[in-house]
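I opened this entry to keep track of what I looked up, sheet by sheet and then the core. My notes follow the order in which I checked things.

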Amino acid sequence: MVKMKRTYVLIIFPLLLALSINMLFSVPRANQPYRHFGEVRVSVLVEQYRDGQLIKRVYEKSDPFTENFAKVLAMIFYNGSPTATKSCYGPVVVTAIDGTTRTLCSSFRETREYTSTTAMATWDCICCEVPFYAKGVKIYIGSSSAPFSPSNYSLGSPIANASASEVVVTYNTTSANFTVSASFSISSDVTIREVGLTRYFREEYSEDIFEALLLRDVLSSPINAVAGDTVTVTYIITISG
């Protein structure tokens with residue numbers, strides 16, 4: 001009887017110890033973040049065609065977010081107020097592809113209007129954003145193999161750019177996908193080592209339109225294209241819960 005009790009102890013004690021350790025590291029503590037979060041990720045697909053036939057496909061699943069991308073995202077949460085004492089302009093500064101710093105106009109800008117019935121000025125905010133549609137977004141191809149950095153504001157060595165297709169949005173129960181693509185007709189032999197995505201924005205006050213890099217990817221396998229090839233670049237941004 002004593003021997004059986006010892007046997008039970010030898011079996012049960014390790015199980016209880018293992019269970020206790022698992023519970024200890026599974027329960028979030030005050031200084032420990034929860035383990036299950038939503039995420040935003042980027043996938044880029046580069047396809048090379050020759051004589052109408054697909055000859056190479058490079059699929060990259062990474063997160064090439066630039067600082068510009070993060071700052072543009074911050075505009076969603078800008079808490080500006082359309083009043084005479086507080087500007088509608090956003091405080092976010094990004095770097096354009098030419099290296100100049102630009103202050104983004106928020107979703108609204110302020111204008112002063114006078115009515116015929118009163119002599120007092122009233123404030124009105126009207127949209128000053130460049131809409132997110134085909135002509136506002138470009139995709140680039142380049143030849144630089146310089147590693148990606150969040151501070152990138154342009155491709156290392158651009159080869160060509162093209163207007164992206166209209167964004168396609170798809171939803172399911174756990175995620176949303178935003179897809180844009182562009183095709184390039186290659187006129188001379190090139191080696192494509194990098195791709196990127198830009199968008200046009202409007203600058204505050206001057207209301208000038210400028211272009212800023214949001215995404216850049218260095219390909220794990222270069223595309224050696226020759227004259228007559230077609231190269232298609234597709235960006236997919238996925239937001240999942």
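**Strand pairings, two sheets and a core**

I began with a single pair: Ser183 has Thr232 in strand 13 as its bridge partner. The model I am reading is a predicted one.

I then looked up the strands around that pair. Strand 10 and strand 13 run antiparallel and are joined by 11 bridges. Another pair I noted is Ala176, which stands opposite Ile239 in strand 13.

Next I followed strand 10 to strand 9. These two are antiparallel as well, with 4 bridges between them. Thr170 has its bridge partner, Asn177, in strand 10. The connection from strand 9 to strand 10 is a hairpin through 3 residues.

Which sheet holds these strands, and in what order? I found an open sheet of 5 strands, ordered 2-1-13-10-9 and paired antiparallel. Its edge strands are strand 2 (53-62) and strand 9 (168-171), each pairing on one side only. On average, neighbouring strands of this sheet are turned by 20 degrees against each other, direction ignored.

I turned to the other sheet. It is open, has 4 strands in the order 8-7-11-12, and its pairing is antiparallel. At the edges I found strand 8 (158-163) and strand 12 (209-225), and each of them pairs on one side only. The average turn between neighbouring strands here is 20 degrees, direction ignored.

Helix 2 (residues 67-74) packs on this sheet, where it touches strand 11 and strand 12. The direction of helix 2 makes about 140 degrees with that of strand 12.

Within this sheet I checked one pairing in detail. Strand 7 (residues 137-142) pairs with strand 11 (residues 190-202) in the antiparallel sense, over 6 bridges. Lys138 stands opposite Thr198 in strand 11.

Last, I looked up the largest nonpolar core. Which of its residues touch the most other members? Of the 35 residues, they are Val46, Ile139, Val195, Val233 and Tyr235. The elements giving two or more residues to this core are strand 1 (39-50), strand 7, strand 10 (175-185), strand 11, strand 12 and strand 13 (230-240). Strand 12 gives the most, with 7 residues. As background, I noted that nonpolar side chains tend to be buried together in soluble globular proteins.

To close the entry, I set the core against the sheet orders. Strand 1, strand 10 and strand 13 are among the contributors to the core, and these strands sit in the order 2-1-13-10-9. Strand 7, strand 11 and strand 12 also contribute, and they belong to the order 8-7-11-12.

Conventions. Residues are numbered from 1 along each chain as its sequence is written. This is a predicted model: local features need pLDDT of at least 70, side-chain atom pairs count only at pLDDT 80 or more; totals for chains, interfaces and linings use all residues. Side-chain values use heavy atoms; hydrogens and water are left out. Two strands pair if DSSP finds at least two bridges between them. Axes are lines fitted to C-alpha atoms, for helices over the stretch in contact, and angles run from 0 to 180 degrees between N-to-C directions. Contact means heavy atoms within 4.5 Å. A nonpolar core is a set of buried Ala, Val, Leu, Ile, Met, Phe, Trp, Tyr and Cys residues joined through side-chain atoms within 4.5 Å. Buried means under 20% relative accessible area, exposed over 50%, partly exposed in between (1.4 Å probe, protein chains only).
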